[in-house]
Amino acid sequence: MSPSPTAANSAFLAAARGLPVPHTPVWFMRQAGRSLPEYLKVREGIGMLESCMDPDLVVEITMQPVRRYGVDAAIFFSDIVLPLKAVGVDLDIVAGVGPVVAKPVRTLADVEAIDDLTPEHVTFITQAVQGLVTELGTTPLIGFAGAPFTVASYLVEGGPSKDHARTKAMMHSQPEVWDALMRKISQIASAYLKVQVDAGASAVQLFDSWAGALAPIDYAEHVMPHSARVLAQAGELGVPRIHFGVGTTNLLTLMGEAGADVVGVDWRTPLERGIELVGDRAVQGNLDPTLVFAPTEVMTERAGRIIETGRSAKGHIFNLGHGVIPSTDPDQLARLTDFVHAYPVD
Ligand code: CP3
């Protein structure tokens, strides 16, 4: 007889650990959010940061896609800049733009002015995670943090950036400021992940969304040691760690070596290549997020190929290669989830 289901023996955690699965687990980055009418309704008149700090709203928004799709994991509804806000950095998340920092970080004094994160800064996170874990039952919750490079980019540029030029300039011309900043963000990310796992999160994802902008040598020398420290500390918490970035074909091996149990692969990298590059680790991905706009049979044909390819990995968690696009039809994601669940595992 198979054991009764719990979050701990879920398909999602089994795949993350490279164990046999009853079906390919699936969840979607940005599964909560603007693609869902029920999200738009509860967010009416409430700012993004305000929403992230309201435990009842966080529980409701995180649950919405779980109820709708029956995905194999929930992702905690928050943002990578939320812990910065919690320690007192003056920033906002502007609709249609993203995070905007009032006073960009340029000097050592600017870095030193940012407080380390303690659990007392984020009691609302503890409360939300505890509430969620109760509500989720057997569905595992993924906690997350922004990785040092991606978060540094928002702090140094002051907002979203295409080329990350100021950030890279700091890396090369003010190495001591860069090092202090990366250590500061690493401390904040580690402490933030620990809060989420202590409150009941079953896995963590480190989002280094913009790492793909880096040459491998700069990633290896100036970024990887800091991400590795965050991942090592998360490893001590005993939960699987997913490490994700966009445009990372040339970094996937290093991102695995940084300490991940699962490496996210975006759609530009063929999954078989991603599997080769990450070595003895599970992979997550990698359907092009725009394929949900294709006819259902085109989308599912491509999804089927990804599942087939995923079988040769140590473990495979199905996901899109990046977040759900806001104009996505939720019914199409529901069909995709059902397709992945029904697809035979061997
Ligand atoms: O469902 C989920 O995936 C959980 C929620 C989540 C959000 N942001 C909610 C959000 C997660 C995991 C993030 C992480 C995040 N935030 C990343 C890494 C993931 C990635 O997409 O690469 C990054 C780079 C950010 C920074 C950020 N915050 C951006 C680029 C934006 C979008 C700007 C826009 O409006 O298009 C945000 C805002 C944000 N974070 C929204 C959501 C649902 C949209 C704001 C809204 O609904 O008003």
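E60 and R67 form a salt bridge, with the closest N and O atoms 3.0 Å apart. A salt bridge here is a side-chain nitrogen of Lys or Arg within 4 Å of a carboxyl oxygen of Asp or Glu. The model is predicted: local features need pLDDT of at least 70, side-chain atom pairs count only at pLDDT 80 or more, and totals for chains, interfaces and linings use all residues. Residues are numbered from 1 along each chain as its sequence is written, and side-chain values use heavy atoms, with hydrogens and water left out.

E60 is partly exposed, with a relative accessible area of 26%. R67 is also partly exposed, at 48% relative accessibility. These classes have fixed cut-offs: buried means under 20% relative accessible area, exposed means over 50%, and partly exposed lies in between (1.4 Å probe, protein chains only).

The structure holds 12 salt bridges. Among them is the one between K103 and D110, at 3.6 Å from N to O. K103 counts as exposed, at 62% relative accessibility. D110 counts as buried, at 19%. This bridge therefore links an exposed residue to a buried one.

Another salt bridge joins R305 and E301, at 2.9 Å from N to O. Both residues lie in helix α14, four residues apart, which is about one turn of the helix. Helices (H or I, at least four residues) and strands (E, at least two) are DSSP runs, numbered from the N terminus. R305 is partly exposed at 49% relative accessibility, and E301 is partly exposed at 38%.

Helix α14 spans residues 296-310 and also contains T300. T300 is buried, with a relative accessible area of 14%. A polar atom of the T300 side chain lies 3.3 Å from the backbone oxygen of E297. This is a polar contact: a pair of N or O atoms within 3.5 Å, where, within protein, one must be able to donate a hydrogen and the other to accept it, and residues adjacent in sequence count only if both atoms are side-chain atoms.

Attention now turns to the sheet. Seven strands form an open sheet with parallel pairing, in the order β1-β4-β5-β6-β7-β8-β9. β1 (74-75) and β9 (316-320) stand at the edges, each with a single partner strand, so one side of each has no neighbour in the sheet. Two strands pair if DSSP finds at least two bridges between them.

At one edge, β1 and β4 pair in the parallel sense over two bridges. I75 has I142 as its bridge partner in β4. At the other edge, β9 pairs in the parallel sense with β8 (residues 282-287) over five bridges. Here Q284 stands opposite I317 in β9.

Strand β4 (residues 141-146) also pairs with β5, in the parallel sense and over five bridges. G143 is matched with V204 in β5, and A145 with L206. Six of the six residues of β4 are buried, so this strand is largely enclosed by the rest of the structure. In a regular strand the side chains alternate between the two faces of the sheet. Both faces of β4 are covered: L141, G143 and A145 are buried on one side, and I142, F144 and G146 on the other.

Strand β5 (residues 203-207) has five of its five residues buried, so it too is largely enclosed by the rest of the structure. A203, Q205 and F207 point one way, V204 and L206 point the other way, and all are buried.

Four bridges join β5 to strand β6 (residues 241-244), and the two run parallel. Q205 stands opposite I242 in β6. β5, helix α11 (residues 216-235) and β6 make a right-handed β-α-β unit. A crossover is right-handed if, with the strands pointing away from the viewer, the path from the first strand over the helix to the second runs clockwise.

A final feature lies on the surface. V94, V97 and V100 make a nonpolar patch of about 200 Å². Patches are made of residues with over 30% relative accessible area and no salt bridge; like charges are joined within 9 Å, and nonpolar side chains (Val, Leu, Ile, Met, Phe, Trp, Tyr) within 5 Å. Accessible areas come from the Shrake-Rupley method with a 1.4 Å probe; for residues, only the protein chains shown count as cover. V97 is found in the loop between β2 (91-94) and β3 (98-101). V97 counts as partly exposed, at 49% relative accessibility.
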